[in-house]
Amino acid sequence: MKVINITCFIVPFLLVTLLSRTFFLVKAQDVAEPVLDVSGNAVRRGVNYYILPAGRGNGGGLQVASIRNRTNPLVVSQNADESVIGVNVQFSPVDPKENTVRLSIDMNVKFTSMVISDSSTVWRINTELIPERYLVTIGGVEGNPGRETLGNWFNIDKYEDAYKLVYCPVVCEICRPFCGEIGILEENGKRVLFVGRDPPLKVTFHKV
């Protein structure tokens, strides 16, 4: 009677199983943590949110403003009055199939409760208004990741007990953009968002 060595079947099966489990664990670990709103729910693509500073006495919500007698482009600014909730925004992760906003993942940000006749309301980085300053303005392009749209991508990271906005896009593998946290620059009485150093603007997200 012919004897079959089942070891030759068991060992490959175990290897495949172990490799599959290892691959699953690596893939699971690669999925970035979702950004949460103040209610503890994941922030979602296409949903309206207010970006408000964490804590009291830190000013109000975000809006647009003009500086240096320039109405084009308008800058993204923070209202100094904490009773003002500002203009709501939507987030669009770089992966069009991803509906959850996740930590450190590139995304577009746009104001959605305003219409400006000669400009989009998508956020972008601008270095022309104030030389050597990376201001956040509107007038960007949504989607189309790459070198041409490098200034239109932002991400969110944890900061203390809340979050911070960051500019450090990776949508262009061969590009080396200036990276930094989004803070507040005082300019002609306006609180303008810009890519600066510590401290960043600590923010929370409130679903409309």
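In the predicted model, the torsion about the S-S bond of Cys172 and Cys175 is about 65°, so this disulfide is right-handed. The sulfur atoms of Cys172 and Cys175 lie 2.1 Å apart. Both cysteines of this link, Cys172 and Cys175, are buried.

The structure holds two disulfides. The other joins Cys168 to Cys179, again with sulfur atoms 2.1 Å apart. The Cys168–Cys179 link is right-handed, with 65° about the S-S bond. Cys168 and Cys179 both lie in the loop between β9 (162-167) and β10 (180-187), so the pair ties together parts that are 11 residues apart in sequence. Cys168 has a relative accessibility of 29% and therefore counts as partly exposed. Cys179 is partly exposed as well, because its relative accessible area is 36%. In the other link, by contrast, Cys172 and Cys175 are buried. With the bonded cysteines of the chain numbered in sequence order, the pairing reads 1-4, 2-3.

The overall architecture was examined next. The secondary structure of the chain consists of one helix and 12 strands. From the N terminus, the order of elements is α-β-β-β-β-β-β-β-β-β-β-β-β. The helix thus precedes the strands in that order. The chain has 208 residues, and 43% of them count as buried. Among contacts in the chain with a separation of 6 or more, 58% involve residues 24 or more positions apart. The exposed area of the chain is about 12,100 Å². Carbon and sulfur atoms supply 54% of that area.

Several backbone features stand out for description. The peptide bond from Asn72 to Pro73 is cis, and its omega is near 0°. Pro73 belongs to strand β3, which spans residues 70-78. Two residues other than glycine, Ser104 and Asn188, have a positive phi. For Ser104, phi is near 60°. Ser104 sits in the loop between β4 (89-93) and β5 (107-111). Its relative accessible area is 45%, so Ser104 is partly exposed. For Asn188, phi is near 50°. Asn188 is placed in the loop between β10 and β11 (190-196). With a relative accessible area of 57%, Asn188 is exposed. The cut-off for that class is over 50%.

Aromatic contacts were then considered. A pair of aromatic rings is described by the distance of the centres and the angle of the planes. A search of the whole structure finds seven aromatic pairs. One of them is formed by Phe111 and Trp123. Their ring centres are 5.7 Å apart, and the planes meet at 55°. This pair is tilted. Phe111 is in strand β5, and Trp123 is in strand β6 (residues 123-126). The pair links distant parts of the chain, 12 residues apart. Phe111 has a relative accessible area of 2%, so this residue is buried. Trp123 also has a relative accessible area of 2% and is therefore buried.

Trp123 forms an aromatic pair with Phe154 too. Here the centres lie 5.9 Å apart, with 85° between the planes. The arrangement of Trp123 and Phe154 is edge-to-face, because planes over 60 degrees apart fall in that class. The pair links distant parts of the chain, 31 residues apart. Trp123 lies in strand β6, whereas Phe154 lies in the loop between β7 (134-138) and β8 (155-159). Both Trp123 and Phe154 are buried. Trp123 thus takes part in a tilted pair with Phe111 and in an edge-to-face pair with Phe154.

A further aromatic group involves four residues. Tyr49, Phe91, Tyr163 and Phe205 form one aromatic cluster.

Technical notes. Residues numbered from 1 in each chain as written. Predicted model: local features only at pLDDT ≥ 70, side-chain atom pairs only at ≥ 80, totals over all residues. Heavy atoms only, no water. Disulfide = S-S within 2.5 Å. Helix = DSSP H or I, 4+ residues; strand = E, 2+ residues; numbered from the N terminus. Buried < 20%, exposed > 50% of the residue type's maximum accessible area, 1.4 Å probe, protein only. Contact = heavy atoms within 4.5 Å. Areas by Shrake-Rupley, 256 points an atom, 1.4 Å probe, with all protein chains shown as cover. Phe/Tyr/Trp six-rings, centres within 6.5 Å; stacked < 30°, edge-to-face > 60°.
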